[in-house]
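User: I would like to learn how to read a structure like this one, step by step. Could we take a few features in turn, with the general idea before each case?

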Protein chains: 2
Amino acid sequence: MRDAYHEELDGLSDRLVEMTRLVRSAMARATTALLDADLRLAEEVISADEQVNKIDNEIEEVVFELMARQQPVAGDLRTVVTALRMSGDLERMGDLAVHLAKTARRRHPESAIPPELQATVLEMGQIAERMIAKAGSVIASQNVELGLELDADDDAMDRLHRKLFDQLLAPTWKYGVEPAVDISLAGRYFERYADHAVHVAENVVYLVTGRRPDELINP
Amino acid sequence: MRDAYHEELDGLSDRLVEMTRLVRSAMARATTALLDADLRLAEEVISADEQVNKIDNEIEEVVFELMARQQPVAGDLRTVVTALRMSGDLERMGDLAVHLAKTARRRHPESAIPPELQATVLEMGQIAERMIAKAGSVIASQNVELGLELDADDDAMDRLHRKLFDQLLAPTWKYGVEPAVDISLAGRYFERYADHAVHVAENVVYLVTGRRPDELINP
């Protein structure tokens with residue numbers, strides 16, 4: 001039987017996985033809200049973020065309580081400190097989905113994304129979702145191989161991000177300044193979301209192997 | 001006489017203060033590079049960021065080594081974990097200054113900031129500098145009063161950020177899409193830099209008082 005202390009460590013991991021589910025759902029709904037000018041979905045994303053922040057605060061409390069009470073030694077200590085970091089990343093990912101949702105809400109009843117850019121933004125949202133789903137599996141399974149896949153996903157996100165800029169800076173752009181500003185900021189939110197997902201997975205890889213992902217890919 | 005362990009804790013604080021100096025200098029130079037289209041300054045900011053990343057990595061190593069070797073108890077443990085968080089914030093602030101510098105470099109020999117917006121951007125840079133200078137003093141002195149000042153600075157930054165958007169979305173805007181995109185992203189970088197400075201100071205306030213700044217301001 002596990003002792004209470006190790007149950008608390010497992011509980012941290014479960015809470016982190018729950019956060020990945022919440023910020024994945026937030027990203028899925030925020031992307032649809034942006035593309036379809038869906039005000040109801042946008043409002044849902046904005047109000048659901050409270051739950052993400054709540055878990056982030058709970059993780060912080062549990063970590064500092066564990067550290068004070070149990071004085072965990074090296075390996076476990078690294079685990080709890082890393083949980084704190086991952087929680088911070090996931091909390092930011094929730095905020096970024098909220099930023100996307102607020103853009104959708106501000107432009108409603110129009111869509112913030114003109115027809116020519118819908119495919120690019122849809123793909124950015126799908127990659128973001130895939131990345132956080134993988135990051136969640138990596139936390140739950142400690143699967144290093146899967147963790148290393150996120151770098152390639154991030155490269156795909158960066159390519160789409162550049163494509164988005166190319167499209168809105170093209171001479172054929174006919175929607176003026178305000179949509180261009182919204183879309184450039186939205187592009188940045190997707191890209192940062194992906195960076196945080198990579199960071200979450202990296203932290204697991206480092207915990208499991210003691211090595212940074214770049215050392216494992218280019219040994 | 002201080003023992004080696006407490007000297008290492010003090011060393012962490014010194015390293016964090018050094019990071020605040022570096023990212024302050026980066027912000028000052030990046031703002032000037034943006035306003036004056038100064039390519040040399042922009043390149044300096046970009047290459048100097050390596051030093052910030054180096055200290056961030058050193059802090060991480062020292063923290064995990066301290067935790068493994070000394071098994072610090074509650075208070076000290078909280079101190080070292082918080083150092084790790086502040087180091088992460090400061091590292092991001094360096095990145096944000098680099099983003100501003102890269103914008104300046106990409107637009108060179110033109111300035112990325114049209115004459116009408118120069119005063120606003122200059123003020124954003126000055127507030128950012130003031131905030132990181134205060135955050136550095138807060139780390140060095142543990143001055144809670146000073147730490148609480150950063151919220152007001154952050155409000156000032158948010159007002160300037162909104163003003164910047166109002167200016168570039170005004171019907172009189174005559175510079176087209178590309179400068180608007182650059183400036184909206186630059187505005188976001190200044191605003192995020194300020195958020196991280198607030199976060200650094202908040203961490204010190206919490207370490208010293210055990211309470212979050214909002215509990216102290218609205219008790």
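User: Let me begin with a single residue: in which helix is A:His161 found?

Analyst: Please keep in mind throughout that this is a predicted model. To place a residue, one asks which element of its chain holds it, and A:His161 is found in helix 5 of chain A.

User: Is A:His161 buried or exposed?

Analyst: The idea is to compare the relative accessible area with a cut-off, and buried means under 20%. A:His161 has a relative accessible area of 13%, so this residue is buried.

User: Which residues is A:His161 in contact with, leaving aside its neighbours within four places in sequence?

Analyst: Setting those neighbours aside shows what the fold brings to a residue, and here A:His161 is in contact with A:Met124, A:Gly187, A:Arg188 and A:Glu191. Separation along the chain and separation in space are two distinct readings: A:His161 and A:Arg130 are 31 residues apart in sequence, and 16 Å apart in space from C-alpha to C-alpha.

User: How should I read the second largest pocket, and which residues lie nearest its centre?

Analyst: One can take a pocket by its volume, then its lining, then the elements that supply that lining. The second largest pocket has a volume of about 500 Å³, and among the 16 residues that line it, A:His161, A:Phe165, B:Arg106, B:Leu185 and B:Tyr189 lie nearest the centre. At least two lining residues each come from helix 5 (144–168) and helix 6 (177–209) of chain A, and from helix 3 (74–107) and helix 6 (177–209) of chain B, while helix 6 of chain B gives the most, with five residues. By character, the lining of this pocket divides into five nonpolar, three polar and eight charged residues.

User: How are chain A and chain B related?

Analyst: One looks for the movement that lays one copy on the other. A rotation of 180° with 0.0 Å of shift along its axis superposes chain B on chain A, with an RMSD of 0.0 Å, and the two copies are therefore related as by a two-fold rotation axis. The same surface serves both copies, since 100% of the contact residues of chain B recur in chain A.

User: Finally, how many aromatic pairs does the structure hold?

Analyst: Over all chains there are two aromatic pairs. For each pair one reads the distance between ring centres and the angle between planes, and A:Trp173 and A:Tyr175 are edge-to-face, at 5.1 Å centre to centre with 65° between the planes. A:Trp173 counts as buried at 13% relative accessibility, whereas A:Tyr175, at 30%, counts as partly exposed. B:Trp173 and B:Tyr175 form the other pair, also edge-to-face, with 5.1 Å between centres and 65° between the planes.

Definitions and conventions. Residues are numbered from 1 along each chain as its sequence is written. Chains are lettered from A and ligands numbered from 1 in the order in which they are written. This is a predicted model: local features need pLDDT of at least 70, side-chain atom pairs count only at pLDDT 80 or more; totals for chains, interfaces and linings use all residues. Side-chain values use heavy atoms; hydrogens and water are left out. On a 1 Å grid over the protein atoms alone, a cavity is a set of points where a 1.4 Å probe fits but cannot get out, and a pocket is an open set with protein on both sides within 12 Å along at least five of seven lines; lining residues have an atom within 4 Å of a point. Grid points are joined across faces, edges and corners, and a volume is the space filled by probe spheres set on the points. Helices (H or I, at least four residues) and strands (E, at least two) are DSSP runs, numbered from the N terminus. Ala, Val, Leu, Ile, Met, Phe, Trp, Tyr, Cys and Pro count as nonpolar, Asp, Glu, Lys and Arg as charged, and the others, Gly among them, as polar. Buried means under 20% relative accessible area, exposed over 50%, partly exposed in between (1.4 Å probe, protein chains only). Contact means heavy atoms within 4.5 Å. Copies are superposed by least squares on the C-alpha atoms of residues with pLDDT of at least 70 in both. Rings of Phe, Tyr and Trp (its six-membered ring) pair if their centres lie within 6.5 Å; planes under 30 degrees apart count as stacked, over 60 as edge-to-face and the rest as tilted.
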